[in-house]
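Trainee: Could you take me through a close look at one part of this model, the charged pairs and their surroundings? I'd like to see how you reason from one residue to the next.

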Amino acid sequence: EWTDKLLHQVSDGVVVCNAEGKIVSFNGAAERIFGYDQPEMVGHFFEQLIVPRAWQEFSEVWVKGSTQTDSHHELEGVHRSGMVLSLDVSVSHLHMGDQLQRMVILRDVSERKKQEAKLNFFAEHDALTGLYNRHHFEREFKILLERNDTGWLVFLDLDDFKLINDALGHQAGDTALVALSKRLLTALGENALIARYSGDEFVFFVPSTMGWDEEGLLRELNQLLHQPV
């Protein structure tokens with residue numbers, strides 16, 4: 001009873017399971033992480049809280065764990081609502097007399113993972129258009145040159161773009177840049193390396209394997225640039 005009260009005070013989720021993997025204790029933080037109350041989960045298998053594909057990889061560690069002191073993992077869990085959670089998980093194997101128990105300490109790091117993914121994305125992409133940024137383009141283009149890939153390297157600068165910002169405001173200018181970016185992606189395809197180089201400048205490399213010739217490529221660009229936004 002004292003241990004139960006203590007576990008319910010800690011900020012990390014704590015799930016205690018018996019040797020079969022059935023839950024015998026489920027603290028308050030675990031309730032908040034997964035959306036279940038303790039009475040609902042006691043007697044159920046711990047694996048029900050983990051995404052099936054993640055459990056397949058983790059189950060070997062879980063079964064063999066009786067020979068280990070503890071282990072640390074990153075797993076995907078499942079909230080009661082069906083939402084997938086990113087979990088930081090530590091498993092300790094406790095021998096209580098002749099019985100084995102597993103104490104699982106959980107921390108929901110979903111928000112941190114989202115922030116990390118966002119930071120990683122913006123390190124490689126332009127925040128407005130979602131295209132690659134200049135840094136990523138130059139790195140990838142260098143690899144293509146070293147591989148002796150051939151194709152068309154195009155630098156695109158929008159003339160008088162400042163007039164849109166001055167006449168209609170920066171929001172209108174941003175809308176035009178996003179629209180143009182989408183057109184480039186649609187017209188050139190995902191195999192082209194496309195980047196926003198700076199304010200109203202774009203650069204892209206279209207591999208020769210895509211079948212474009214110079215005249216056809218310029219005609220396509222001219223058409224998409226002259227469509228109204």
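Mentor: Happy to! Let's settle one term before we begin: a residue is buried when its relative accessible area is under 20%, exposed when it is over 50%, and partly exposed in between. Please also keep in mind that this is a predicted model.

Take Arg-139 as the starting point. Its relative accessible area is 34%, so Arg-139 is partly exposed. Across the whole structure there are eleven salt bridges, and Arg-139 takes part in one of them with Glu-124, where the closest N and O atoms are 3.0 Å apart. Since Arg-139 belongs to helix H6 (residues 134-146) and Glu-124 to helix H5, this pair ties together parts that are 15 residues apart in sequence.

Now look at the loop between H5 and H6. Asp-126 forms a salt bridge with Arg-196, with 3.2 Å between the closest N and O atoms. Here the two partners are 70 residues apart, as Asp-126 sits in that loop and Arg-196 in strand S7 (residues 193-198). Both Asp-126 and Arg-196 are buried.

Follow Arg-196 a little further. In strand S8, Phe-202 stands opposite Arg-196. S7 pairs with S8 (residues 201-207) in the antiparallel sense over five bridges, and the two strands make a hairpin with two residues between them.

Back in H5, which spans residues 110-124, we find Ser-110. Its relative accessibility is 13%, so Ser-110 counts as buried. The Ser-110 side chain makes a polar contact with the side chain of Asp-108 at 2.6 Å. Once neighbours within four places in sequence are set aside, Ser-110 is in contact with Leu-85 and Ser-86.

A further salt bridge is worth a look: Glu-40 pairs with Arg-80, and their closest N and O atoms are 2.8 Å apart. Glu-40 is in helix H3 (residues 38-41) and Arg-80 in the loop between strands S3 (70-78) and S4 (84-96), 40 residues apart. Relative accessibility is 30% for Glu-40, so Glu-40 counts as partly exposed. Arg-80, at 46%, is partly exposed too.

For the nonpolar surroundings, turn to the largest nonpolar core, which has 23 residues; Val-15, Phe-46 and Leu-106 have the most contacts inside it. Among the elements that each supply at least two residues of this core are helix H4 (52-64), S4 and strand S5 (99-108). Leaving out residues up to four places away in sequence, Leu-106 touches several others, including Val-15, Phe-46, Leu-87 and Asp-88. Another core lies apart from this one, with 18 residues, among them Val-154 and Phe-161.

Phe-46 also forms one aromatic cluster with Trp-55 and Phe-58. The structure holds seven aromatic pairs. For Trp-55 and Phe-58, the ring centres are 5.5 Å apart and the planes are at 65 degrees, so the pair is edge-to-face. Trp-55 and Phe-58 are three residues apart in H4, and therefore about one helical turn separates them. Trp-55 counts as buried at 12% relative accessibility, and Phe-58 does so at 3%.

Technical notes:
Residues are numbered from 1 along each chain as its sequence is written. This is a predicted model: local features need pLDDT of at least 70, side-chain atom pairs count only at pLDDT 80 or more; totals for chains, interfaces and linings use all residues. Side-chain values use heavy atoms; hydrogens and water are left out. Helices (H or I, at least four residues) and strands (E, at least two) are DSSP runs, numbered from the N terminus. Buried means under 20% relative accessible area, exposed over 50%, partly exposed in between (1.4 Å probe, protein chains only). A polar contact is a pair of N or O atoms within 3.5 Å; within protein, one must be able to donate a hydrogen and the other to accept it, and residues adjacent in sequence count only if both atoms are side-chain atoms. Contact means heavy atoms within 4.5 Å. A salt bridge is a side-chain nitrogen of Lys or Arg within 4 Å of a carboxyl oxygen of Asp or Glu. A nonpolar core is a set of buried Ala, Val, Leu, Ile, Met, Phe, Trp, Tyr and Cys residues joined through side-chain atoms within 4.5 Å. Two strands pair if DSSP finds at least two bridges between them. Rings of Phe, Tyr and Trp (its six-membered ring) pair if their centres lie within 6.5 Å; planes under 30 degrees apart count as stacked, over 60 as edge-to-face and the rest as tilted.
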